[in-house]
Amino acid sequence: MSQSIDSTSPMSGGLTRRQFVRAVAAAVLTTTVPAALTACGSKGAAGTITVGSKDFTEGEIISEIYALALEDAGFTVKRSFDIAGSVIATALEKGEIDLYPEYTGTALLTVLKAEMETDPQAVYETVKKQYKKKWDLVWLDMAEAADSQALVITTKAAEQYGIKTISDLQAHASELRFASQGEFDERSDGLPALEAAYGAFDWKEHTSFNNGLKYEVLRNDEADVAPVYTTEGQLVDDAFTLLEDDKHVWPPYNVAPVVRGEVLDANPDIEDVLNAVSKQLTTKGLTELNAKVDIDKQDYEDVAAEFFDSL
């Protein structure tokens with residue numbers, strides 16, 4: 001997903017208006033927060049909770065919502081955003097950040113390199129137990145929101161052939177054009193996994209396009225089906241229909257905050273604050289938030305603030 005650019009006017013010294021306001025607010029908090037609160041916390045400024053984010057739109061939005069919730073609860077928050085997904089878990093383990101939103105499937109397969117599991121609660125319990133045991137990292141409550149792998153079909157084709165599930169799709173593959181991104185055809189959790197569960201897909205046409213062009217390709221009637229992730233902002237468009245993975249090939253990717261154990265011990269209120277936010281995160285809601293940034297070109301900070309104010 002693309003990163004947003006702060007379009008607010010620049011202040012003196014190269015700061016945007018939002019950054020200037022944030023700096024002033026941080027200075028005020030530093031001088032007014034009770035000593036009992038400032039005495040505890042993680043590395044860096046006393047009492048400061050460092051919230052990290054991955055380097056894509058959804059990661060920025062969720063992390064900003066968590067940061068706003070913590071600030072609203074009286075914590076001083078430092079933001080360390082746009083960290084590459086390949087290193088963010090290590091940054092948390094080393095104490096460079098104190099918490100960030102992670103996905104259960106990513107933790108299971110990429111971080112822990114564990115066996116495939118498709119039951120959402122089982123995956124959550126596995127990663128929660130292993131993270132605590134290995135690194136003293138605590139998984140708080142997982143949200144209903146899941147950014148999982150999926151297939152999308154144009155609504156026109158779905159209605160024409162009566163397709164609602166991937167099983168339906170497999171039965172009609174010979175009448176449909178598939179737009180891959182190349183690696184999907186080779187990855188063990190891509191087309192090979194689908195064909196192992198559903199049988200071969202005898203596409204009418206099978207071509208590869210750059211991932212960033214897939215929705216344009218579908219809109220231009222150059223293809224009918226493509227692999228996607230379930231919270232991509234473009235999916236708010238009724239022209240596209242997500243297909244049900246009725247044989248549960250893909251693992252769940254529910255989002256949840258992961259917090260360093262020592263930080264949570266020193267600041268136990270973090271748990272209730274972030275669990276209350278996660279309870280409000282849905283897949284549909286994340287898709288809409290992503291769309292505001294990636295399609296409407298709004299600032300992710302403004303989108304996060306609007307959502308938090310609505311809670």
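1. Let us start with the surface. In this predicted model, the protein chain has an accessible surface of about 14,600 Å². Carbon and sulfur atoms account for 50% of that area. As for the interior, 49% of the 311 residues count as buried.

2. Next, the overall build. The protein chain contains 14 helices and ten strands. Among contacts with a separation of 6 or more, 74% join residues that are 24 or more positions apart. Please keep that figure in mind when you reach L274 below, whose partners include Y66 and L70.

3. Helix α14 is a good place to look at how one helix sits in the model. It spans residues 300-310, and its buried residues are Y300, E301, V303, A304, F307 and F308. These residues lie on the same side of α14, because the arc they cover around the axis is only 160°. D309 and S310, by contrast, are exposed on the other side of the helix.

4. Do look at the start of α14 as well. The N-terminal end of this helix is capped by D299. A side-chain oxygen of D299 lies 2.8 Å from the backbone nitrogen of E301, and E301 is itself one of the buried residues of α14.

5. Helix α9, residues 191-198, can be read in a similar way. Its buried residues are L191, A193, L194 and Y198. They fall within an arc of 160° when seen down the axis, so they line one face of α9. The cover over these residues includes strand β5, helix α8 (166-171) and strand β7 (205-208). After α9 comes G199, which has a positive phi, near 100°.

6. Now for a pocket. The second largest one has a volume of about 600 Å³. Its lining is made up of 28 residues, and those nearest its centre are A150, T230, L242, L243 and T283. Three elements give two or more residues to this lining: β5 (149-154), β9 (240-242) and α13 (283-294). You have met β5 already, as part of the cover of α9.

7. Is S148 buried or exposed? This residue is found in the loop between β4 (137-139) and β5. S148 has a relative accessible area of 12%, and residues under 20% count as buried, so S148 is buried. Beyond four places in sequence, S148 touches V228, Y229, T230, P251, P252 and Y253. One of these, T230, is also among the residues nearest the centre of the second largest pocket.

8. I83 belongs to strand β2, which covers residues 76-83. With a relative accessibility of 13%, I83 counts as buried. Leaving out residues up to four places away in sequence, I83 touches S53, K54, D55, I88 and I97. The C-alpha atom of I83 is separated by 9.8 Å from that of E60, a residue 23 positions apart from I83 along the chain.

9. Finally, which residues are in contact with L274, apart from its neighbours within four places in sequence? They are Y66, L70, L99, L140 and P257. L274 lies in helix α12, residues 269-278, and counts as buried at 0% relative accessibility. L70 and L274 are 204 residues apart along the chain, while their C-alpha atoms are separated by 7.6 Å.

Note on methods: Residues are numbered from 1 along each chain as its sequence is written. This is a predicted model: local features need pLDDT of at least 70, side-chain atom pairs count only at pLDDT 80 or more; totals for chains, interfaces and linings use all residues. Side-chain values use heavy atoms; hydrogens and water are left out. Helices (H or I, at least four residues) and strands (E, at least two) are DSSP runs, numbered from the N terminus. Buried means under 20% relative accessible area, exposed over 50%, partly exposed in between (1.4 Å probe, protein chains only). Contact means heavy atoms within 4.5 Å. Accessible areas come from the Shrake-Rupley method with a 1.4 Å probe; for residues, only the protein chains shown count as cover. The arc is that of the directions from the helix axis to the C-beta atoms. A polar contact is a pair of N or O atoms within 3.5 Å; within protein, one must be able to donate a hydrogen and the other to accept it, and residues adjacent in sequence count only if both atoms are side-chain atoms. On a 1 Å grid over the protein atoms alone, a cavity is a set of points where a 1.4 Å probe fits but cannot get out, and a pocket is an open set with protein on both sides within 12 Å along at least five of seven lines; lining residues have an atom within 4 Å of a point. Grid points are joined across faces, edges and corners, and a volume is the space filled by probe spheres set on the points.
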